[in-house]
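Please look over the sequence and the model shown here before reading the report that accompanies them.

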Amino acid sequence: MNRNRWLVISTGLTLLVCVWSTGEASLRWESLPPLPNALGLGGPVVGVHNDVLIVAGGANFPEPVWDNDKEWHREAWVLVEGGAGGYEWLGGFALDQPLAYAACVSTDHGVACLGGTDGATVFDRCFLLRWDPKTRQLNQVPLPSLPAPCAYGAAARIGDVIYLAGGQRGAALDTAMTNFWRLDLAQRESSPDSLRWEVLPAWPGPARAFNLTVAQHNGFDDCIYMISGRCPNDPQRVAAAYGSTATSEVFALEDVYEFNPQRYDAAAFDAQHGSYNGAGRFAAPWRRRADVPRCVMAGTAAALGQSHVFVLSGADGTLMARADELKLAHPGFPKRLLAYHTITDTWIEAGTAPVNQVTSPAVVWDDKVVLASGEIKPRVRTAAVWAIEPVGQTRSFGAINFSVLAVYLLAMVGVGVYFANKNKSTNDYFRGGQKVVWWAAGCSIFATMLSSITYMAIPAKAYAQDWVYLVGNLMIPLVAPIAIYLALPFFRQIDATSAYEYLEKRFNRPVRLFASASFTLFHLFRMGIVMSLASLALASLTSLSPVHCVLIMGVLSIIYCTIGGIEAVIWTDTIQTFVLLGGALVCLGLMIAGSDGGFGAFMRTAVGDGKLHALNWHLDPTSASLAFWVVIFGAFGQNLSSYTADQAVVQRYMTTPDIKRAAGSIWTAALLTVPASFLFFGLGTALYVFYKSNPERLDPTFMTDQIFPLFIAHEVPVGVAGLIVAGIFAAAQSTISTSMNSTSTTVVTDFLRPFRLARGEGGYLVWARVLTFAFGVAGTVLGLLFIDPDNRSLFDSFIKVIGLFMGVLGGLFALGVLTRRATGLGSLLGALTGAGVMALLPIYTHINGYLFAAIGIATCFVVGYSASRLLPTQPQSLIGLSIHTMNRR
């Protein structure tokens, strides 16, 4: 096989790196080895498969370009990584016929090539280009043909599903179509006989070709965006609202449309089953979005970050009518970059690119966007290949902010030192001697339920979506009476140190040990998840890495929690509550002040864009846009489990002197939730309005969950930012220290004491400190292992973990308190069944994680009660252990 080898070492003179400013971020353009075809190609097939870049087909004009006809090519090349960080082109490959201007998209199955033309015929055939790394062969594998011939369209994919929009069925622009088709490549494996293209409803705009198509997340779902293009200039068919006239024959389009597959599939389900299963406020699958500032036909776009689309090239059509006149004097297509933000629906001018290469698709390779070859002016191609990546704008956290952070964190350690000498027994260490004031215990419960994740994730959720989750938070005051009148009396009656002591008295020791072990396992994972997720956001605020953030949170928590016990945890929680709420109020004021038009315009934007929407009246339990009933049942299950079965919460209201003040601590936490929830969701809406007014301040390198930290880092005054960041660190440490102390409590109380594994009260106190330290180290190690920059939603991840573990524990307590006939064996079977169901639920279903806790409670309760009725058991005394016998003690 003949090979054209182009080996370029990254350190050589032929490597060019440019950084082009795009407001709050920059794009780094790195020159890769040029295409072996020195003239370059227009309309090539470009894609990535098995870690190599594939370029095939295309068309160009031999020099002199204005004196020769277009030539159509079938040659193919593969760019592989060579030694010493360089790259190497492999040649000698070819398509089975000349082909250009096909829609193409990279998939795990290969590079999909869809339609195209050879200059004489427009094709409907499709195939995959697959690279075999063992044989180093490029193979062509057929796919089902398109519903109609198509060239000059564009494709994108979501998962295994390819979407193709726009194009021409013939050589002339008057054959432009309103075609929108999709193909699910997953069916190649599961049901190859049924693999075929599906015709979807078209966008509500004119037919077009040379459009851009890209997939990106819109805050709710992954969506398809169709941008710009051109169509015949027919005033009878094309309204002036769609763009501007390029020539007397061509209309340059500037409209943009978003297609939401979730909404379309939900509507299709309704039509098939005669039910209402809509997925939120926007019932139609297509909706028009903000027009692109200028036409970018024949260009290319790429999704960068979690919610940005960058238009890297495109022709505006302004000189289209003069191409024959200007010839080589044509200045080339505009080099101004554009960036679109899917959440705020805003466009910005995003700097200048070194080149503008149209009629070539952008592909992702090694976490960079590659733009290979293309047309730089009429009839003129380029062989240049670029690798493009965003570079976030850095801003120093500053000495003042770091000083504030250090002082605050050291003060938290000082609280632990202060309480160190007050711990003379495990009762002091685990329950504060039951002399903690009720309002401080309530603040600690509130802070424990809040955590740094929800402090950052709830505003991010409201910023990206709406206020649907607010209803769930407002369920806490409704759960509080259940905790006060049903759970609290039992815990106070048996003077519980561990919540799971009740389960042994009600059922048996195996049930108690199962529940305690489940709780311990849950909080170990909780520590790791809280530290890892919080570290990603905190790292974006400071010059610290996520690893450094995890270590700071873990080490400081281990120090003050190990030496100070539960009182240190409660009082640091109380301080943190006021710092975080105060910081949130300051940020809210800055956001509103920084938005265009003041408070009145702020409210008009929020209401007009649906950011205050709170209720979805549909029945779909899988939709990312939560139904009202999902929020109600899901939040009830989560909060019921937390306030009745979570040792971390129960332990706090057991630190107060009596049942009346314990009830006061529960009410304090529950009522604090109401204004805090409106504050945090209001922050999310304020972030949306602020960045809609100032889209140039968005950084595409930031994840959506980092939007509040982004604001703190760039918009909050020095010193105040340091205090808020310190509060976020402290909130994370609060969650970690809570988990450390409560897991130590359960192990000592539920495993060591019943089996008398220590000598005297002093021995158990030593074990308490040793276990607190050990669990802190284990949680920190898990935090380091769990760091994942690709996590899309902190809030969703956290909710799923709560539901997977705590639902079953809530079911056990419901069985004990509400029934007479539930037995130890039946309850244990219910718990084991519930744990199995919860383990399989995220694997085999698409049910929203918000429902996991409620499903866990229901499964454990139904199976446990049924098994208790069916299996024989010895009768036992239930006096004082259920609501039916509460007053008989």
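The report below takes up strands, helix packing and one loop residue in turn.

This is a predicted model, in which local features need pLDDT of at least 70, side-chain atom pairs count only at pLDDT 80 or more, and totals for chains, interfaces and linings use all residues. Residues are numbered from 1 along each chain as its sequence is written, and side-chain values use heavy atoms, with hydrogens and water left out.

**Strands**

Helices (H or I, at least four residues) and strands (E, at least two) are DSSP runs, numbered from the N terminus, and two strands pair if DSSP finds at least two bridges between them. One open sheet has 4 strands in the order 14-15-16-17, with antiparallel pairing. Its edge strands are strand 14 (154-158) and strand 17 (198-199), each of which pairs on one side only. W181 stands opposite V199 in strand 17, and the pairing of strand 16 with strand 17 is listed in the table together with two further antiparallel pairs.

| Strand pair | Bridges | Direction |
|---|---|---|
| Strand 16 (residues 180-184) and strand 17 | 2 bridges | antiparallel |
| Strand 27 (residues 362-365) and strand 28 | 4 bridges | antiparallel |
| Strand 28 and strand 29 (residues 380-392) | 7 bridges | antiparallel |

Strand 28 (residues 368-377) has 8 of its 10 residues buried (under 20% relative accessible area, with a 1.4 Å probe and protein chains only), so it is largely enclosed by the rest of the structure. Strand 27 and strand 28 form a hairpin with 2 residues between them, and D366 in that turn has a positive phi of about 55°; in this pair, W365 stands opposite K368 in strand 28. A hairpin is also formed by strand 28 and strand 29, again with 2 residues between them, and here R379 in the turn has a positive phi of about 75°. In the pairing with strand 29, E375 stands opposite R381.

**Helix packing**

Axes are lines fitted to C-alpha atoms, for helices over the stretch in contact, and angles run from 0 to 180 degrees between N-to-C directions. Angles under 35 degrees count as roughly parallel, over 145 as roughly antiparallel, 65 to 115 as roughly perpendicular and the rest as oblique.

Helix 8 (residues 476-493) and helix 13 (residues 628-645) have axes that come within 9 Å and cross at roughly 30°, which makes helix 8 roughly parallel to helix 13. Contact here means heavy atoms within 4.5 Å, and I476, V479, I482, A483, A487 and F491 in helix 8 meet F636, N639, L640, Y643 and T644 in helix 13. By class, this contact of helix 8 with helix 13 has 9 nonpolar, 2 polar and no charged residues, where Ala, Val, Leu, Ile, Met, Phe, Trp, Tyr, Cys and Pro count as nonpolar, Asp, Glu, Lys and Arg as charged, and the others, Gly among them, as polar.

Helix 10 (residues 509-541) and helix 11 (residues 546-593) pack at an angle of about 120° with their axes 8 Å apart, and they are therefore oblique to each other. M531, S532, A534, S535, L536, L538 and A539 of helix 10 make the contact with P546, C549, V550, M553 and G554 of helix 11. The contact of helix 10 with helix 11 has, by class, 9 nonpolar, 3 polar and no charged residues.

**A loop residue**

V437 lies in the loop between helix 5 (426-431) and helix 6 (438-464). At 34% relative accessibility, V437 counts as partly exposed, a class that lies between buried and exposed, the latter being over 50%. V437 and G807 are 370 residues apart along the chain, and their C-alpha atoms are separated by 30 Å.
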